[in-house]
Amino acid sequence: MSELPSNPRTPPRFSATFDPYTIAQIQRAAATGIYDIRGAGAKRALPHFDDLLFLGASMSRYPLEGYREKCGTDVVLGNRFATKPIKLKTPVTIAGMSFGALSGPAKEALGRGASAVGTSTTTGDGGMTHEERSHSQILVYQYLPSRYGMNPDDLRKADAIEVVVGQGAKPGGGGMLLGQKISARVAKMRCLPEGIDQRSACRHPDWTGPDDLEIKIGELREITDWEKPIYVKLGASRPYYDTALAAKAGADVVVVDGMQGGTAATQEVFIENVGIPTLACIRQAVQALQDLGLHRKVQLIVSGGIRTGADVAKALALGADAVAIGTAALIALGDNDPNFEEEYRKLGTTAGAYDDWQEGRDPAGITTQDPVLAKRLDPIRGGHRLANYLAVLTLEAQTIARACGKSHVHNLEPEDLVALTIEAAAMARVPLAGTDWIPGISGQGL
Amino acid sequence: MPVVDLSKSAIRDLNRLLHSLTATTNETSWTVQNPAGQHSIAVGVDAPIEIEIEGHVGYYCAGMNKHAEITINGNAGVGLAENMMSGVVRVKGDASQAAGATGQGGLLVIEGNASARCGISMKGIDIVVKGSIGSMSAFMAQAGSLVVLGDAGEALGDSIYEARLFVRGKVTSLGADCEEKTIGDEERTILAAVLERAGVDVPTDGFRLYGSARRLYHFHIDNAY
């Protein structure tokens, strides 16, 4: 006698709300009683440059020839008021990352790589090191709320000054550098006890609001005899008003950093839930400058999740003058290198997902102050890798610009773009592909 | 003795002149007339000179000063002597918010009162206030001494690191992680030396000392408030 077939069973089903990662977060919180801290930027899926496509030339546009015909990539930053504006050969710059968060060799490698292709690198919280000044042809000096290591000599050694109001990973948040990374040298530069968990202030100590900022910028210009371009860096949250206010306060350059922009150490809940995506902030920032008659007079740098030359080209097409990269630059140096997989596994992670930059145990020797680990990064080789990567970004952006018939990457424009999703169309203010419809702007299209 | 009249010259002209001075200049005594509350007067000076300012100044007067002795015969606006590196800045009247903010060295003397955030994020500067100071003073103060002959407002020394806060009068309240400390011989010597440099002749006995309880130095659940 044959057995009756058992009832069919459904496979185990995970909740979309309580997915495995969320469950793990709850379990971790219940076990530790404190929130999670990590590095890098937002990891959740967000509308991004991948949701945009270039149309390329066709019947109504005339393309340029492949890699032969000239397609300019140079950019001048800071020619509004500064007597010594910055001239870059590529519109891809290196974002601010501190010595402290990064090792000395990593800062040196960033300087070497950026200098090799004629672009700038940027200090971070904690002041300017000899390594990065001597290896960075063009160095932007960040002026942060903490003012760690701030002094007029370094201010005058800088090629530009970036007043940091916020950061895309944490608009409204200050910085933290955990004790593992407060080495004797870092502590001395920041005037702090060695080994403590350090907070960087979330607001500037001596100015409040845009009217004060105008006076502060005036002071910085006076101290540096009006030579240096002054940037204002904003974490993307209200990009229209923030950009307008920064320009009104006298900025030469406005930097807008979206929520995919990285951090050395911030609460996970902050990174993933505060701020807006990079794609959502560019057109608003550009609109603010256009409304003030300052677009292309006050330059706009966009950062947060720039990975490829296509991303660069899309940011420029939407109206940016340049972009900045941070996380991608670290990856180019060797961060998350699969060669260190065994060590990543010992840290409970895997190559490609390592983000505990705050712990100072980076197998690649980049986000650490451990001298043994830091030695793993050869700054010369790292610099070569970064230079290669920056060259590829530039070549890729040129390739796309030529395909769109542009003899300079700055000639790319929103009309060259369409969006794959309604969200991206609304944020980038370009039509949904195959339609004339720009949500929130045009009426019902095709 | 160079005299710059700011009713006739621009701030830019004044600062350009001051920045052109070297350590060996023989133009060591300057007078600035008619400041009229303008901002950024004598900022970024890097020379061993004396500057006498005849009147009130606006924001950031003497900002990032190195080596100079700057005296303001009037009141000072926001951020007086911010991020000062060395030298002496003295204001005969009152100072607005954030006096001596992030100062890394030198001596700031305020003969009147100072408003909120006096000595915020101070990093080695010594500040002497003959009058009282406002709220949130010495917030995140890292190093140096803040000496107050009068009273201190709310939340004194919030999130303080290793700065020393000497107050002779009443303290409205202490900020997070700030506590009263015992004044030992070392601290009394430091206090006496700062008072002497400031030219303030008062006994050290009447002061109380405040500093970091160091409970926030390491990040754990108990300090996530």
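This is a dialogue about a predicted model, taking strands, domains, a chain contact and two unusual residues in turn.

Student: Why is strand 8 of chain A called largely enclosed?

Tutor: Strand 8 covers residues 160-164, and five of its five residues are buried, so the rest of the structure largely encloses it.

Student: Which residues point which way from strand 8 of chain A?

Tutor: A:Ala160, A:Glu162 and A:Val164 point one way, A:Ile161 and A:Val163 the other. All are buried.

Student: How do you know that strand 7 and strand 8 of chain A pair?

Tutor: Pairing needs at least two bridges. Strand 7 (residues 138-143) and strand 8 of chain A have four, in the parallel sense. Two positions show the register. A:Tyr141 stands opposite A:Ile161, and A:Tyr143 stands opposite A:Val163.

Student: What lies between strand 7 and strand 8 of chain A along the chain?

Tutor: Helix 4 (residues 152-157) of chain A does. The β-α-β crossover through this helix is right-handed.

Student: What makes strand 11 of chain A a partner of strand 8?

Tutor: Again the count of bridges. Four join strand 8 to strand 11 (residues 230-235) of chain A, against a minimum of two. The two strands run parallel. Here A:Ile161 has A:Ile230 as its bridge partner.

Student: Why is strand 7 of chain A also called largely enclosed?

Tutor: Six of its six residues are buried, so strand 7 of chain A is largely enclosed by the rest of the structure. Both faces are covered. A:Ile138, A:Val140 and A:Gln142 lie on one side, and A:Leu139, A:Tyr141 and A:Tyr143 on the other.

Student: How do you know that strand 6 of chain A pairs with strand 7?

Tutor: Strand 6 (residues 120-122) shares three bridges with strand 7 of chain A, and two would be enough. The sense is parallel. A:Thr121 has A:Leu139 as its bridge partner. With helix 3 (residues 130-135) of chain A, strand 6 and strand 7 make a right-handed β-α-β unit.

Student: What are the domains of chain A, and where do they lie in the sequence?

Tutor: Domain 1 is 37-412 and domain 2 is 418-446. Their C-alpha centres are separated by 29 Å. The contact takes nine residues from domain 1 and eleven residues from domain 2 of chain A.

Student: Which element gives the most to the domain 1 side of that contact in chain A?

Tutor: Helix 9 of chain A, with three residues. Helix 9 (278-291) and strand 2 (52-54) of chain A each supply at least two. By class, this side of domain 1 has seven nonpolar, no polar and two charged residues.

Student: How many residues does each chain bring to the contact of chain A and chain B?

Tutor: Chain B brings 41 residues and chain A 24. On the side of chain B, helix 1 (11-19) and strand 7 (123-129) each supply at least two residues. Helix 1 of chain B gives the most, with five residues. By class, the side of chain B that touches chain A has 17 nonpolar, 16 polar and eight charged residues.

Student: What makes the radius of gyration of chain B agree with a compact globule?

Tutor: Set the two values side by side. For 225 residues, a compact globule would have a radius of gyration near 17 Å; chain B has 18 Å, so the value agrees. The C-alpha trace of chain B spans about 55 × 35 × 30 Å along its principal axes. Buried residues make up 55% of chain B.

Student: What is the secondary structure of chain B?

Tutor: Two helices and eleven strands. From the N terminus on, the order is β-α-β-β-β-β-β-β-β-β-β-α-β.

Student: What makes the phi of B:Tyr60 worth a look?

Tutor: Most residues other than glycine have a negative phi. Phi of B:Tyr60 is near 60°, a positive value in a residue other than glycine. B:Tyr60 sits in the loop between strand 3 (50-54) and strand 4 (69-72) of chain B. Phi of B:Arg214 is also near 60°. B:Arg214 lies in the segment after strand 11 (208-212) of chain B.

Student: Why is B:Tyr60 called buried?

Tutor: B:Tyr60 has 31 other C-beta atoms within 10 Å. The cut-off for buried is 20 or more, so B:Tyr60 qualifies.

Student: Why is B:Arg214 called partly exposed?

Tutor: B:Arg214 has 14 other C-beta atoms within 10 Å. Exposed needs 12 or fewer and buried 20 or more, so B:Arg214 falls in between.

Conventions
Residues are numbered from 1 along each chain as its sequence is written. Chains are lettered from A and ligands numbered from 1 in the order in which they are written. This is a predicted model: local features need pLDDT of at least 70, side-chain atom pairs count only at pLDDT 80 or more; totals for chains, interfaces and linings use all residues. A crossover is right-handed if, with the strands pointing away from the viewer, the path from the first strand over the helix to the second runs clockwise. Two residues are in contact if their C-beta atoms, placed from the backbone, lie within 7 Å. Ala, Val, Leu, Ile, Met, Phe, Trp, Tyr, Cys and Pro count as nonpolar, Asp, Glu, Lys and Arg as charged, and the others, Gly among them, as polar. The radius of gyration is taken over C-alpha atoms; the globule rule is 2.2 Å times the number of residues to the power 0.38. Domain bounds come from an automatic or database domain assignment.
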